[in-house]
Amino acid sequence: MTKKNYKVIVFDLGDVLLKVDSQRLIDNLNNIEPGLGERFHSLYFENYHIHCEYEKNNISQEEFTDKMLSWLNYKISAEEFNNFYSDLFSPIDETINLLPLLKQKYQLVLLSNTNFIHQKYGWEKYEFLKYFDKLILSHEVGFRKPEKKIYEAVERFTGSSPFEHFFIDDLFENVEAAKRLGWDAIQYLKNDSFTCLLKEWQII
């Protein structure tokens with residue numbers, strides 16, 4: 001592979017830097033009432049368009065939360081929901097531990113489909129975020145991956161050419177969307193060695 005002169009490394013958040021475990025939410029809700037977690041989980045994915053619209057900030061936090069609480073038959077408060085809904089994340093150390101090394105050579109950008117509740121109650125506390133020059137978040141820019149405009153928001157920030165961007169995401173469709181813009185991109189799966197992938201692409 002010919003070595004390329006990347007200037008920007010763009011990271012997805014979920015299942016690249018932080019493992020996302022929805023079973024935690026199901027278990028927490030089942031502790032409130034047996035079966036409540038599974039019922040909520042089914043409704044959530046049967047109505048996934050609501051999740052997507054909330055991630056683009058097309059639905060207000062109040063409207064989203066009230067809809068979620070209605071699916072839970074108002075068994076918990078809004079604050080309890082925010083905590084349960086955001087108790088999903090745990091660090092992926094192999095990826096995170098490479099950030100200081102990458103920061104020495106590249107501009108780092110986080111590109112995430114996320115929402116205000118997950119940010120405030122879930123992942124905002126993590127120290128590794130300090131290594132990123134910019135967080136491009138779907139609920140702040142109004143677009144979600146794989147929509148073209150969210151990748152263009154990255155390019156506007158970096159000021160670099162498309163071919164100078166290297167992107168890591170766990171979802172195939174998000175990787176392919178980046179490639180269509182001229183970025184190099186890889187799909188990172190949970191059994192992959194992140195270090196080996198970066199070495200293969202001569203990034204480290």
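This report describes the sheet, the helices packed around it and the pockets of a predicted model.

## The sheet

Five strands make up an open sheet, arranged in the order β5-β4-β1-β6-β7, and their pairing is parallel. The edge positions are held by β5 (134-137) and β7 (184-187), each of which has a single partner strand, so that one side of each is left without a neighbour in the sheet. From one strand to the next, the twist averages 20°.

At one of these edges, strand β4 (residues 107-112) is joined to β5 by four bridges, the two strands running parallel. Within this part of the sheet, V109 stands opposite K134 in β5.

## Helices on the sheet

Helix α10 (residues 148-158) lies across β1 (8-11), β4, β5 and β6 (165-169), and its direction makes about 155° with that of β4. Helix α11 (residues 172-180) also packs on the sheet, where it touches β6 and β7 and runs at about 170° to β7.

## A helix pair

General terms help to introduce this contact: two packed helices are described by the angle between their axes and by the distance between those axes. For helix α5 (residues 78-86) and helix α8 (residues 116-123), the axes come within 8 Å and cross at roughly 75°. Because angles of 65 to 115 degrees count as roughly perpendicular, α5 is described as roughly perpendicular to α8.

On the α5 side the contact involves E79, F81, N82, N83, Y85 and S86, which meet I117, H118, Y121 and G122 in α8. Divided by class, the residues of this contact are four nonpolar, five polar and one charged.

## The largest pocket

The largest pocket holds about 730 Å³ of space, and its lining comprises 30 residues, among which V20, Y48, H51, E55 and N113 lie nearest its centre. The lining divides by class into 13 nonpolar, nine polar and eight charged residues.

Several helices take part in this lining, since at least two residues each come from α2 (36-46), α3 (48-55), α8 and α11. Of the contributors, α2 gives the most, with four residues. Two of these helices also appear above: α8 in the contact with α5, and α11 in the packing on the sheet.

## The second largest pocket

A volume of about 200 Å³ is computed for the second largest pocket, whose lining consists of D15, K19, V20, I92, D170, Y188, L189 and K190. These lining residues divide into four nonpolar and four charged, with no polar residue. V20 belongs to this lining and is also one of the residues nearest the centre of the largest pocket.

How values were computed: Residues are numbered from 1 along each chain as its sequence is written. This is a predicted model: local features need pLDDT of at least 70, side-chain atom pairs count only at pLDDT 80 or more; totals for chains, interfaces and linings use all residues. Side-chain values use heavy atoms; hydrogens and water are left out. Axes are lines fitted to C-alpha atoms, for helices over the stretch in contact, and angles run from 0 to 180 degrees between N-to-C directions. Angles under 35 degrees count as roughly parallel, over 145 as roughly antiparallel, 65 to 115 as roughly perpendicular and the rest as oblique. Contact means heavy atoms within 4.5 Å. Ala, Val, Leu, Ile, Met, Phe, Trp, Tyr, Cys and Pro count as nonpolar, Asp, Glu, Lys and Arg as charged, and the others, Gly among them, as polar. Two strands pair if DSSP finds at least two bridges between them. On a 1 Å grid over the protein atoms alone, a cavity is a set of points where a 1.4 Å probe fits but cannot get out, and a pocket is an open set with protein on both sides within 12 Å along at least five of seven lines; lining residues have an atom within 4 Å of a point. Grid points are joined across faces, edges and corners, and a volume is the space filled by probe spheres set on the points.
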